[in-house]
Amino acid sequence: QVQLVESGGGSVQPGGSLRLSCAASGSIFSINAMGWYRQAPGKQRELVAAITSGGVTNYADSVKGRFTISRDNAKNTVYLQMNSLKPEDTAVYYCHAMIRDTYYSDPLNYWGQGTQVTVSS
């Protein structure tokens with residue numbers, strides 16, 4: 001059984017910063033891409049940022065230059081450093097990972113439980 005456990009959400013004023021963490025645990029052979037998605041009320045879930053096992057990153061246009069994704073492969077953990085936060089960044093943020101539990105298995109999608117980020121004055 002694989003679990004993704006997120007931490008680091010909260011409330012912050014516009015212009016502030018937050019750092020999200022997501023640790024994968026359980027039966028893990030390898031982790032391919034990891035990333036962060038978000039879902040605001042009344043909107044579809046959208047990709048915020050992703051990172052491959054080799055460190056190649058991809059960002060939504062709306063967060064480029066403000067957010068930084070990174071990962072620690074030894075700890076099976078992905079991070080999202082969020083700077084210059086705006087009210088429109090308010091959403092539930094979900095961690096995502098593509099994980100193989102054995103050498104022979106295909107990678108499967110796993111999701112965290114979500115963590116609330118609120119940007120408001």
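This is a chat about the strands, bonds and ring pairs of one predicted model.

Reader: Before we start, what kind of model is this, and how are residues numbered?

Author: It's a predicted model, where local features need pLDDT of at least 70, side-chain atom pairs count only at pLDDT 80 or more, and totals for chains, interfaces and linings use all residues. Residues are numbered from 1 along each chain as its sequence is written, and side-chain values use heavy atoms, with hydrogens and water left out.

Reader: Cool. Which strand does β1 pair with?

Author: β1 (residues 2-7) pairs with β3 (residues 18-26) in the antiparallel sense, over 6 bridges. Strands here are DSSP runs of E with at least two residues, numbered from the N terminus, and two of them pair if DSSP finds at least two bridges between them.

Reader: And what residue is the bridge partner of E6?

Author: That's C22, in β3.

Reader: How many bridges join β3 to β8?

Author: There are 6, and β3 and β8 (residues 77-82) run antiparallel. As one of the matches, S21 has Y79 in β8 as its bridge partner.

Reader: Back to C22. What does C22 form with C95?

Author: A disulfide, with the sulfur atoms 2.1 Å apart. The cut-off for calling a disulfide is a pair of cysteine sulfur atoms within 2.5 Å. In general, that's a covalent bond between the sulfur atoms of two cysteines.

Reader: How many disulfides does a search of the whole structure find?

Author: Just 1. The angle about the S-S bond is -80°, and the link of C22 and C95 is left-handed.

Reader: Which parts does the pair tie together?

Author: C22 sits in β3 and C95 in β9 (residues 91-100), so the pair ties together parts that are 73 residues apart in sequence.

Reader: Is C22 buried or exposed?

Author: C22 is buried, with a relative accessible area of 0%. C95 is buried too, at 0%. For the cut-offs, buried means under 20% relative accessible area, exposed over 50%, and partly exposed in between (1.4 Å probe, protein chains only).

Reader: New topic! How many salt bridges does the structure hold?

Author: It holds 4, where a salt bridge is a side-chain nitrogen of Lys or Arg within 4 Å of a carboxyl oxygen of Asp or Glu.

Reader: Which side chain meets R38 at 2.7 Å?

Author: E46, counting from N to O. R38 counts as buried at 6% relative accessibility, while E46 counts as partly exposed at 35%.

Reader: What about R38 and D89, where are they in the chain?

Author: Their side chains meet in a salt bridge too, at 3.0 Å, N to O. The pair links distant parts of the chain, with R38 in β4 (residues 30-39) and D89 in the loop between β8 and β9, 51 residues apart. D89 counts as buried, at 0% relative accessibility.

Reader: So which residues are linked in a network of salt bridges?

Author: R38, E46, R66 and D89.

Reader: And D61 with K64, are those buried or exposed?

Author: Both D61 and K64 are exposed. Their side chains meet in a salt bridge at 3.1 Å, N to O.

Reader: OK, rings now. How many aromatic pairs are there?

Author: The count comes to 3. Rings of Phe, Tyr and Trp (its six-membered ring) pair if their centres lie within 6.5 Å; planes under 30 degrees apart count as stacked, over 60 as edge-to-face and the rest as tilted.

Reader: How do F29 and Y103 sit?

Author: They're edge-to-face, 5.9 Å centre to centre with 85° between the planes. F29 is in the loop between β3 and β4 and Y103 in the loop between β9 and β10 (108-111), 74 residues apart. F29 counts as partly exposed at 44% relative accessibility, and Y103 is exposed, with a relative accessible area of 55%.

Reader: What about Y37 and W111?

Author: Those form an edge-to-face pair as well, at 5.0 Å centre to centre and 65° between the planes. This pair links distant parts of the chain, with Y37 in β4 and W111 in β10, 74 residues apart.

Reader: Last one: which residues form one aromatic cluster?

Author: F29, Y103 and Y104.

Conventions
Helices (H or I, at least four residues) and strands (E, at least two) are DSSP runs, numbered from the N terminus.
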